[in-house]
Each structure stands twice: as structure tokens, then as C-alpha cells.
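Colleague: Please take me closely through one part of this model, beginning with a single charged side chain and the helix that carries it. Once that part is clear, follow the same kinds of feature into the rest of the structure.

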Amino acid sequence: MLFNSLGFYLFLMAAFSLWLLTPMRSRWLVLLGASYFFYFTWTPWFALILMFCSTVTWWGAIRLADIEATGRRKAVLATLVTVNLAPLFFFKYFNFFNDSLREIFALSRATYPVPHIALLLPVGISFYTFQAISYCADVYKGRIGPERHVGLFALYLAFFPKLLSGPIERGANLLSQLRNPRLFDNRLFVAGMQLFFWGVFKKIVIADRLGMYVDMVFSQPQAYWGKTAILAAWLFTLQIYCDFSAYTDMAIGCGRIFGIELSQNFNFPYLARSVAEFWRRWHITLTSWFRDYVYLPLGGNKVSPTRWGANIMVVFLLSGLWHGAAWNFVWWGGLHGLFYLIGIITEPFRLRLREFCSISGKAAAILQVLITFNLVSLAWVFFRASSIEDAFCLISHMFINLSLPVQIMGLRFSTYLACCFAVIFIVLELLQYWDAEHDYRCLRAIPTFLKFFAYVGGLLVISLLGLSSKQFIYFYY
Amino acid sequence: MSNKSLISKALLLLVFFLIGDFIIFKVLKAGLDLYYGMNKPAEVLCIGNSHIVAGIDAGSMEKEMGIPVSKYATSGINTFDRFWMMRQFVEAHPSVKVVVYDVDPRMFWSEDLSFASYTLLLPYIDDQVISHYLKQEASWQEYYTSRLLRTARFQDHTIVQALRGLLGQIEVEQSSRMRVENIHNYLERESLWSRNIRINPESLKIFQTSIAYLTAKGIKVVLVFIPLIDLVNEIDPDNQEKVVTIFQETASINKNVYFLDYNRDYQHKYALFYDPWHLNKDGKELVTGRLVTDLQLLLSLNTSVGTNTRRGK
């Protein structure tokens with residue numbers, strides 16, 4: 001059940017009505033039931049893995065809090081982390097490592113006995129596993145107490161708005177809200193609905209339409225050159241942001257409808273002036289997860305410069321692998337690590353260069369934003385490409401036949417529309433960024449009737465131009 | 001904001017949304033009707049996919065023949081869609097006397113042609129015939145979303161057609177000529193050299209059902225093979241011949257069915273093509289002229305058609 005489907009809207013209405021009619025103390029039960037029902041609509045038996053992780057983590061965390069001996073506490077934590085990681089490793093990474101080993105054996109002409117296993121990846125497993133691990137680590141560190149109510153804990157892992165694509169919530173934020181539910185707040189409800197439909201708009205009007213052009217180029221990177229390849233990389237950069245931030249907006253919007261405030265995941269990432277800043281603005285809950293549970297335990301920056309560089313690379317490589325079990329994701333992560341380190345190493349030199357060229361603050365900022373955007377776009381090519389070969393092929397083609405016009409094939413209207421929406425989206429982002437810095441003066445100054453018609457117009461655009469999952473595709477012959 | 005005020009605002013939003021939905025749908029639907037020629041009692045109906053969109057000018061036909069001609073054709077339409085489209089049109093317009101049915105060697109294998117082509121018919125979901133077809137093809141979510149929200153029946157492809165209809169730019173005319181030196185690269189890129197012609201029995205059956213349906217109503221059917229370039233024809237010549245034989249046999253056993261093979265005559269004339277599968281403006285003009293002559297002969301003689309047409313083997 002996708003967020004942008006009629007089925008989900010009906011489900012949401014039913015869940016909300018039931019939640020509203022249920023007494024406060026039992027509302028968690030409605031949310032838990034709705035969350036598991038939502039999960040069941042994907043692949044029912046995968047819910048057993050979620051149940052297993054929930055039960056073990058809940059029980060283990062209580063044990064962890066009750067034990068005093070450091071050695072035993074560490075052992076329990078290690079066990080909990082291993083138990084949570086095991087399904088993730090098996091379903092997501094088994095074939096990746098297995099196939100890679102087979103290729104290594106094949107190079108040395110040795111036989112490799114373990115076959116490839118056809119596995120379906122349980123939806124949302126990467127997200128709830130990380131959430132479970134962070135909970136165990138937080139209980140271990142004493143940052144939060146263990147949740148003794150099994151139902152509330154199960155809901156913490158399974159809460160349906162954030163189950164599939166995050167945000168990766170911490171116990172301190174979500175569990176406390178689940179323990180102390182709010183009364184229905186119509187302001188929060190309206191804000192939730194607004195954000196939810198803004199997410200739907202970004203996903204099905206902008207991101208999916210940008211995806212049509214992107215898919216055309218990335219499906220045959222050897223066939224496209226110059227401006228077409230560059231445009232595809234830029235459009236994918238926008239597509240993935242619109243797509244992912246749309247899911248986050250829909251999740252946060254849904255949460256608000258039920259009186260729950262989920263964490264922010266994006267903060268104008270493409271306005272970052274460096275790759276380091278980009279990661280403070282992009283997928284914030286994942287970045288902070290890696291910072292708190294990988295980078296800092298490895299020593300963070302309080303180690304030798306070499307070790308520090310290695311820590312950064314480890315975090316980025318793991319982050320790449322988290323996004324997908326394929327080498328191109330590792331390259332993507334590695335490239336970001338490299339950009340990050342180069343950015344830090346060259347900072348003094350760049351400052352001197354800026355002074356030498358007497359570039360003003362604003363011009364330098366614009367230049368930095370543009371450079372960062374292009375570096376990030378370059379890295380996204382590895383993320384989107386089907387293989388490393390395809391990524392290198394497309395990148396090398398970006399510098400060939402630059403005089404050729406942009407190829408659109410049978411997607412003329414869709415591509416023009418996508419580009420128009422991309423421009424509108426960029427302008428809106430800039431306005432929001434500016435307005436956020438000025439306490440949303442502009443937004444508050446817009447007359448109510450104009451806002452009202454903007455909502456009507458937005459909903460009509462969603463209905464008319466939103467792409468359904470079964471979009472007509474003409475193979476052009 | 002009180003709950004009462006929230007509910008009244010939500011209801012007002014819904015009302016304005018539904019009004020907007022209705023108005024936009026009506027405007028676009030009117031454009032689409034103009035584009036497909038749904039708004040007139042056509043005597044000649046041209047039905048098919050992009051070959052006929054690029055290859056036949058319904059407006060010129062209408063002028064030359066002096067009778068209403070409609071072109072209910074769009075890219076990516078397969079034989080199943082065509083059957084229901086034809087039924088929809090013929091049941092709404094009993095004036096139809098001749099159906100020009102676009103045929104090509106790959107028409108019995110729609111998997112290589114398009115995906116979810118039935119969604120192009122969603123704007124006509126209110127029509128009983130199309131509604132029946134869509135109920136079979138679409139998921140319940142798609143079907144009922146389109147039923148509830150009228151604007152959701154459109155997508156990029158149909159919006160463009162509706163806008164063309166509203167602006168009166170019904171004929172798609174590609175004036176550029178195919179560059180011969182690019183053809184090999186193009187065909188290789190599309191991996192078409194290895195794409196053989198196949199026949200899906202279900203598709204063949206629905207084609208035969210379509211012919212039977214039309215002839216039972218006393219409508220003449222003219223199967224027209226719009227030209228493709230010779231390089232495309234040479235990809236799988238044996239199977240192509242088998243499919244062409246099906247068209248010839250269909251014409252030979254039905255006295256009201258004719259087969260016009262324009263492919264044979266123009267496949268080598270690259271100047272008439274926009275790309276390997278579609279005619280350009282010059283090609284369209286030429287083929288439309290030929291079709292008008294042949295149809296006039298067919299309608300006047302009622303027995304055979306022009307010199308370059310074949311009726312069966």
C-alpha cells in the first residue's frame with residue numbers, strides 16, 4: 001500500500017476515525033493494529049520478523065537496564081545488536097557478499113559452493129533495525145529508560161507513517177510521545193494534512209515525472225551524451241530529493257494527524273555550501289544515527305588525523321551500503337567520504353584563494369552551493385546507475401558531444417512539464433529558505449483566501465498531473 | 001480554530017475541488033473528443049496506433065472525400081484496446097460505414113509496444129463499453145480513483161491530445177526527414193535487431209473478433225499496412241510474411257474486408273520517413289492521397305479496390 005494510493009487514503013481515514021473514537025488510553029492499540037495491518041498489506045509473513053525484533057529488543061532492553069555488571073551488559077548489548085542485524089544482513093546483504101565472494105573465487109578459478117538465494121527484502125527492515133539498535137544503545141548508555149509496555153514498544157518500531165522510509169526515530173522522541181498521547185489538536189491535524197499533500201505533490205507530480213526522463217537515460221547510458229547525460233544527472237539529483245523528502249513529509253504529516261511529531265529529515269540540503277554541510281542537511285536522522293552509533297564510538301575526531309580520516313571513510317562506506325547492497329552504493333558512499341575529506345583538507349587553501357581573488361561573501365556562497373550541488377549530482381550517478389560500469393559510462397559521456405541537442409524522444413511534454421515543476425520547486429525552496437530565516441513573515445502575510453485557492457489548485461494539480469504507479473509507457477516503435 | 005470551523009472549511013475545500021475537477025475534466029474531454037473526432041457522425045473511422053497517427057491525415061481525407069472522417073488512434077494502442085475503442089465508437093456513431101484498421105507485423109505482440117495502454121482510455125470511463133473493458137484491465141484502485149476524480153482520468157499523453165484538440169492542432173506533422181546514417185545506431189540502441197516478430201494467440205483472436213464484429217454490422221474493413229523502412233522489414237522477414245499472410249487471408253475470406261499494403265511500395269523511400277517506423281509530413285501526404293483514391297474506388301465499386309491494393313492472395 002503506497003502512500004499515494006487510494007487504498008492508503010481509505011486506510012488512513014479508517015485508522016483516523018477509529019483513533020478518534022477510541023478512549024485516550026487505548027489509542028496506542030488502534031495505532032499498533034493499523035501499523036501491522038499496513039505492514040501486512042506488503043508481504044504478510046515479513047511482519048513476523050518485525051514482531052520478532054520488537055519482542056527480543058523489548059525484552060533484552062529491560063534485561064539490559066536491570067543488569068549492573070559492565071561485562072554482562074556489554075554482552076547483552078552485543079547480543080541484541082547481533083539479533084537485530086541478523087535478519088537485515090541475511091535478507092539484504094547475504095547475496096551481495098555471497099556473489100562478491102563467488103566473483104573473487106572465479107578470478108582464482110576456484111569453485112565456490114554457496115549458491116545465490118532468491119530473497120525478497122522485507123520492506124522497511126533497514127529503518128526499523130536501526131531504530132531498534134539505537135534504542136538498545138540508548139538504554140545501555142542510560143540516555144533513556146527501557147520501555148516496559150510491550151505494546152508501546154512494538155508501536156515505537158512499527159508506527160506506520162515512518163515504517164517504510166523513516167525518519168529513523170529515537171526512543172527519546174517517539175516513545176515519550178507514545179507514552180503521553182495528545183488530545184486531538186485541529187491545528188496539528190491541519191498542519192499534518194498540508195504537509196501530507198505537499199509530500200504527495202512532490203512525489204507524484206514532480207519526482208515521478210522527473211523520473212521518466214531519468215529512467216530513459218539511465219536505462220541506456222551508452223546511448224546518451226553531452227547535455228542529455230548532464231541533464232539526467234541534475235534531474236535525478238532533484239528527483240531523489242523530491243521523492244525522499246516527499247516520503248518524509250507524508251510520514252511527518254501522517255504522524256501529526258495522530259498527534260505525533262516525527263523528526264525532521266531534510267533541511268534544504270542542496271543549499272549546502274560543502275559536502276560536510278550537505279550531510280548535516282540530508283537524511284538528518286540517518287546521519288545523526290551514524291554519528292552517534294558508529295562515528296563517535298570509533299573515536300570521532302578525538303584520534304590521530306589518519307584514524308579520523310579512516311573513521312569518516314568507514315561511516316560513509318557503511319552509509320553507502322545501508323542504502324543498497326551493491327558496489328555502486330559503496331562507490332557512492334566512498335565518493336562522498338572523499339569529497340568530505342578533500343573539503344576539510346583544502347579549506348585553508350580555498351579561504352586564501354577566496355581572499356586572493358577578492359570574491360565577496362554572497363558570490364562565494366553561491367559558488368560554493370553550485371559546486372557542492374554538482375559534486376553531489378556526480379555522486380548520485382553512482383547511486384542511480386544499474387552498475388559501476390554504467391555510472392562511469394554516463395559520466396564519461398557527459399563530456400562528449402556537448403554540441404548535440406538534448407534528446408527527449410517520446411517524452412517531450414512530460415520532460416518540459418518536469419523541468420517547469422523542477423524550476424518552480426527550486427524557487428519555492430529558495431523562498432522557503434529565505435522565509436524560514438525571517439520567521440515565515442511572507443507565508444503569514446498571504447491572505448487566507450489566497451491560501452485556500454492555492455490548496456484547491458494544488459489538489460487539482462495532484463489529481464490531474466499526478467502519475468499513478470501504472471503509468472502508460474510507450475516503447476517508441 | 002474550532003472543530004466546527006475546521007469541518008466547514010474542509011467541506012468548502014471539497015466543494016471547490018469537485019467543481020474545479022468537473023470543469024477541468026469537461027474542458028479536456030471536449031478537447032479529446034475533438035482530437036479523436038468523437039464529436040461528429042463519422043462515416044469513415046481510422047483506428048490504430050502511432051503509425052496511423054503519423055501516416056494518415058483525417059482532415060485531408062474528409063476534404064477529399066466529402067464525408068466525415070474520424071481518427072481514433074494513439075501511440076501504443078494494442079489489438080485489445082482497439083477492439084473496445086472500435087465498439088465504443090461504432091455504438092456511439094452508427095453512421096460508420098468504413099473502418100480503416102492499421103495493421104503491422106508486430107501488432108499481435110503488444111508486450112514490445114507499450115505498457116498499461118488501457119490507461120489511455122480512462123477519460124472515457126463513463127462510456128459503458130469502455131467502463132466494461134477498464135474494469136477487466138485496471139486495478140480496483142485505478143478504476144475507482146478514476147470514477148471518483150475526473151481529472152485523474154488524464155495523464156500526460158491524453159492531456160497533450162486534449163490540448164491539441166482544443167487548439168485545433170489535430171494532425172501531428174513531423175516535417176523532418178530521417179537521417180539514414182543514424183538509422184543503424186538507432187536500431188542497435190533500441191536492440192531491435194534481435195527483436196523477432198511473435199504472435200500472441202489471444203491477440204490474433206481479438207483481431208478476428210474485431211473483424212467479425214464490424215462485418216456483422218455491415219461495416220467495411222480496410223486493413224492498411226502503413227510503411228516501415230526496409231531495414232525494419234528485414235529484421236525478421238519470415239515471420240513478417242506469416243503475419244502479412246494472416247491479413248491477406250482475412251481479406252480473402254471476408255467479402256467486406258480489404259487489405260492495402262502500402263509498405264511494399266514505399267519501404268525503400270527514406271525521404272518519406274521521420275524515423276524507421278513513422279512517416280513524416282511528405283509520407284503522410286502521399287499515403288493519405290493513396291488511401292483516399294483507394295477508398296473512393298472501394299466505396300464506388302463496392303467490389304474491388306485500386307491497382308496497387310490486394311484483396312487476399
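**A buried aspartate and its helix**

Modeller: Asp33(B) has a relative accessible area of 17% and is therefore buried, since the buried class takes in whatever falls under 20%. This is a predicted model, and what follows should be read with that in mind. The carboxylate of Asp33(B) has a partner, for Asp33(B) forms a salt bridge with Lys29(B) in which the closest N and O atoms are 3.4 Å apart. The two residues both belong to helix α1 of chain B, and because they are 4 residues apart there, about one helical turn separates them.

The same helix also has a nonpolar side to its account. A nonpolar surface patch of about 770 Å² is formed by Val15(B), Ile19(B), Phe22(B), Ile23(B), Val27(B), Leu34(B), Leu163(B), Leu166(B) and Leu167(B). Two helices of chain B, α1 (3-36) and α7 (156-167), each contribute at least two residues to the patch, and α1(B) gives the most, with 6 residues. Ile19(B) serves as an example of a patch member: it sits in helix α1 of chain B and is partly exposed, having a relative accessible area of 45%. Helix α1 of chain B thus carries both the salt bridge between Asp33(B) and Lys29(B) and the greatest share of the nonpolar patch.

Taken over all chains, the structure holds 24 salt bridges, and two of those in chain A are useful to set beside the one just described. Asp99(A) and Arg102(A) meet through their side chains in a salt bridge with an N to O distance of 2.9 Å. They are 3 residues apart in helix α4 (residues 70-107) of chain A, so that about one helical turn lies between them. Asp99(A) counts as partly exposed at 22% relative accessibility, and Arg102(A) is likewise partly exposed, with a relative accessible area of 26%. Arg291(A) and Asp292(A) form another salt bridge, with their closest N and O atoms 2.8 Å apart. Here the two partners fall into separate classes, as Asp292(A) counts as buried at 17% relative accessibility, whereas Arg291(A), at 42%, counts as partly exposed. This pair belongs to a network of salt bridges that links Arg170(A), Arg291(A) and Asp292(A).

From side chains I turn to helix packing, for which two values matter: a pair of packed helices is described by the angle between the axes and the distance between them. In chain B, helix α4 (residues 79-92) and helix α9 (residues 201-216) pack at an angle of about 15 degrees, with their axes 8 Å apart. That angle makes α4(B) roughly parallel to α9(B), and the crossing of α4(B) past α9(B) is left-handed. In chain A, the axes of helix α14 (residues 327-345) and helix α16 (residues 361-384) come within 7 Å and cross at roughly 160 degrees. It follows that α14(A) is roughly antiparallel to α16(A), and α14(A) passes α16(A) in a right-handed crossing.

Two contacts along the fold also deserve a look. Tyr101(B) belongs to strand β3 (residues 98-103) of chain B and is buried, with a relative accessible area of 0%. Tyr101(B) and Val224(B), although 123 residues apart in sequence, have C-alpha atoms 6.0 Å apart in space. Ser319(A), in helix α13 (residues 305-323) of chain A, is buried as well, at a relative accessible area of 4%. Along the chain, Ser319(A) and Trp332(A) are 13 residues apart, and their C-alpha atoms are separated by 9.2 Å.

Backbone geometry in the loops of chain A comes last. Most peptide bonds are trans, and most residues other than glycine have a negative phi. The peptide bond from Gly166(A) to Pro167(A), however, is cis, with omega near 5 degrees, and Pro167(A) is found in the loop between α7 (160-163) and α8 (171-179) of chain A. Phe268(A), which is not a glycine, has a positive phi of about 45 degrees; Phe268(A) lies in the loop between α10 (226-257) and α11 (275-281) of chain A and counts as buried at 11% relative accessibility. Asn401(A) also has a positive phi, near 50 degrees. Its place is the loop between α17 (388-397) and α18 (412-437) of chain A, where Asn401(A) is partly exposed, with a relative accessible area of 36%.

Methods. Residues are numbered from 1 along each chain as its sequence is written. Chains are lettered from A and ligands numbered from 1 in the order in which they are written. This is a predicted model: local features need pLDDT of at least 70, side-chain atom pairs count only at pLDDT 80 or more; totals for chains, interfaces and linings use all residues. Side-chain values use heavy atoms; hydrogens and water are left out. Patches are made of residues with over 30% relative accessible area and no salt bridge: like charges are joined within 9 Å, nonpolar side chains (Val, Leu, Ile, Met, Phe, Trp, Tyr) within 5 Å. Accessible areas come from the Shrake-Rupley method with a 1.4 Å probe; for residues, only the protein chains shown count as cover. A salt bridge is a side-chain nitrogen of Lys or Arg within 4 Å of a carboxyl oxygen of Asp or Glu. Buried means under 20% relative accessible area, exposed over 50%, partly exposed in between (1.4 Å probe, protein chains only). Axes are lines fitted to C-alpha atoms, for helices over the stretch in contact, and angles run from 0 to 180 degrees between N-to-C directions. Angles under 35 degrees count as roughly parallel, over 145 as roughly antiparallel, 65 to 115 as roughly perpendicular and the rest as oblique. A crossing is left-handed if the near helix is turned anticlockwise from the far one by less than a right angle, and right-handed if clockwise.
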